[in-house]
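Please look through the sequence and the model shown here before reading on. The paragraphs below then go through the structure one part at a time.

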Amino acid sequence: MMPTLFKAEAKLAELLKNREAWRTLFIDYHPPYVERLWMQFDTETRLYLHRIHPCEPGEKALFHPHAGPTAVRIVNGRYQMDVGFSEEDDAPPVLMSSIYESGSCYEMSNPDAWHSVSPIGGSSLSIMVSGKPWNRWSPKSDKPLRELTPSEREVLVLDFHLALQLG
Ligand SMILES: [Fe+2]
């Protein structure tokens, strides 16, 4: 998915001009809470822009597998990422913990890779692409999630413009 991520990044300034093409979601069923802008990038790829909020003290970030292959670029802030591996639907032990900073990117290409992300010292901004879904369980909210308010949406777009120095 890395080449797709790079392709999406190259087109991002253009894509952000078309505000109507982006849908929004506020994901707050489990920490870390996420503000999301997303759009269909091509037939098999979705493009997401995320503001990930830090967990509150004592909260544990959601450890999860993904529904399909993904690649991510951190564009502002930093987060700790824990990684594990399991074919089951229960959280495996953590195999590795790393800190990712602005400019880092990574790909999750195995259906049984699990991770959690926990921003450090403030929220993070990141770009993610996802490909054709696998036949694999991944966590979903059991409550309806709201869209971003118009002002949340504008601030998020503006923050991506600033972080990426888009015109
Ligand atoms: Fe994830």
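What follows is a walk through a predicted model, taking in turn the sheet, the helix, the pocket, the metal site and two details of the backbone.

A good place to begin is the open sheet, which has six strands in the order β1-β2-β3-β10-β5-β8, with antiparallel pairing. Strand β1, residues 23-27, and strand β8, residues 105-108, stand at the edges with a single partner strand each, so one side of each of them has no neighbour in the sheet. From one strand to the next, the twist averages 20 degrees. In general, the strands of a sheet pair through backbone hydrogen bonds, in either a parallel or an antiparallel sense. Here β1 and β2, the latter covering residues 34-42, are paired in the antiparallel sense over five bridges, and I27 has V34 in β2 as its bridge partner.

Against this sheet packs helix α2, residues 150-164, which touches β1, β2, β3, β5 and β10, and whose direction makes about 95 degrees with that of β10.

The largest pocket comes next, and about 960 Å³ of space lies in it. It is lined by 36 residues, of which I27, R36, Y48, M128 and P139 are the closest to its centre. Two or more lining residues come from each of β1, β2, β3, β4, β5, β9 and β10, and the largest share, five residues, is given by β3. Sorted by class, the lining holds 19 nonpolar, 13 polar and four charged residues.

Which residues coordinate the iron ion? The donors are H64, H66 and H115, each through its NE2 atom, at 2.0 to 2.1 Å, and their spacing in the sequence can be written as H-x1-H-x48-H. Distant parts of the chain are linked in this way, since H66 lies in the loop between β4 and β5 whereas H115 lies in strand β9, with their positions 49 residues apart in the numbering.

Two details of the backbone remain, and they are best read against a general background: most residues other than glycine have a negative phi, and most peptide bonds are trans. The peptide bond from P31 to P32, by contrast, is cis, with omega near 0 degrees, and P32 has its place in the loop between β1 and β2. Q165, found in the segment after α2, has a phi near 50 degrees, which is a positive value in a residue other than glycine.

Conventions. Residues are numbered from 1 along each chain as its sequence is written. This is a predicted model: local features need pLDDT of at least 70, side-chain atom pairs count only at pLDDT 80 or more; totals for chains, interfaces and linings use all residues. Side-chain values use heavy atoms; hydrogens and water are left out. Two strands pair if DSSP finds at least two bridges between them. Helices (H or I, at least four residues) and strands (E, at least two) are DSSP runs, numbered from the N terminus. Axes are lines fitted to C-alpha atoms, for helices over the stretch in contact, and angles run from 0 to 180 degrees between N-to-C directions. Contact means heavy atoms within 4.5 Å. On a 1 Å grid over the protein atoms alone, a cavity is a set of points where a 1.4 Å probe fits but cannot get out, and a pocket is an open set with protein on both sides within 12 Å along at least five of seven lines; lining residues have an atom within 4 Å of a point. Grid points are joined across faces, edges and corners, and a volume is the space filled by probe spheres set on the points. Ala, Val, Leu, Ile, Met, Phe, Trp, Tyr, Cys and Pro count as nonpolar, Asp, Glu, Lys and Arg as charged, and the others, Gly among them, as polar. Donors are N, O and S atoms within 2.8 Å of the metal (3.2 Å for Na, K and Ca); water is not among the atoms, so sites may look incomplete.
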